[in-house]
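This report covers charged pairs and a nonpolar patch on the surface of one chain. The structure comes first, followed by the findings.

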Amino acid sequence: IGDDFESSLLSFENLDRASPDLWPEQLPGVAEFAASYKNPITNSPPKWMAELESEDIEMLKELGSLTTANLMEKVKGLQNLAYQLGLEECKYKKKLYHIVLERPS
């Protein structure tokens, strides 16, 4: 009885993933993205690379050649630079604010 029951549960139905009704796309655009990367060897560069200038490509190569520790140091330096620029901007905004307040109406 056990073998007959198990064999009655078997299904030989073909669940084809090509049907959008049975298998709707969970995230819009994912299927197109995956299809574009089926053949990774192409002659044309990706769209995002077409917009890069030679200086940008050199910077990417430089960053790609850094070790993890050196890359973290570079990121830390950029964070410090951004912080310093923020302080400078704040200083100039305060000056401008005082100039506007002191201007006779």
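## Salt bridges

A search of the whole structure, which is a predicted model, returns two salt bridges. They are described in turn below.

## Lys74 and Glu62

One salt bridge joins the side chains of Lys74 and Glu62, with an N to O distance of 4.0 Å. This pair links distant parts of the chain, 12 residues apart: Lys74 belongs to helix H5 (residues 68-102), and Glu62 to helix H4 (residues 54-65).

Lys74 is partly exposed, at a relative accessible area of 37%. Glu62 is also partly exposed, and its relative accessible area is 41%.

## Glu89 and Lys93

The side chains of Glu89 and Lys93 form a salt bridge as well, at 3.8 Å from N to O. Because Glu89 and Lys93 lie four residues apart in helix H5, about one helical turn separates them.

Glu89 has a relative accessible area of 46% and is therefore partly exposed, since the partly exposed class runs up to the 50% cut-off. Lys93, at 53%, counts as exposed, because exposed means over 50%.

## Nonpolar surface patch

Trp48, Met49 and Leu60 make a nonpolar surface patch of about 310 Å². Of these residues, Trp48 sits in helix H3, which spans residues 47-50.

Trp48 has a relative accessible area of 52%, so this residue is exposed. That value also fits its place in the patch, because patch residues must have over 30% relative accessible area.

Definitions and conventions. Residues numbered from 1 in each chain as written. Predicted model: local features only at pLDDT ≥ 70, side-chain atom pairs only at ≥ 80, totals over all residues. Heavy atoms only, no water. Patch = residues over 30% accessible without salt bridge, like charges linked within 9 Å, V, L, I, M, F, W, Y side chains within 5 Å. Areas by Shrake-Rupley, 256 points an atom, 1.4 Å probe, with all protein chains shown as cover. Helix = DSSP H or I, 4+ residues; strand = E, 2+ residues; numbered from the N terminus. Buried < 20%, exposed > 50% of the residue type's maximum accessible area, 1.4 Å probe, protein only.
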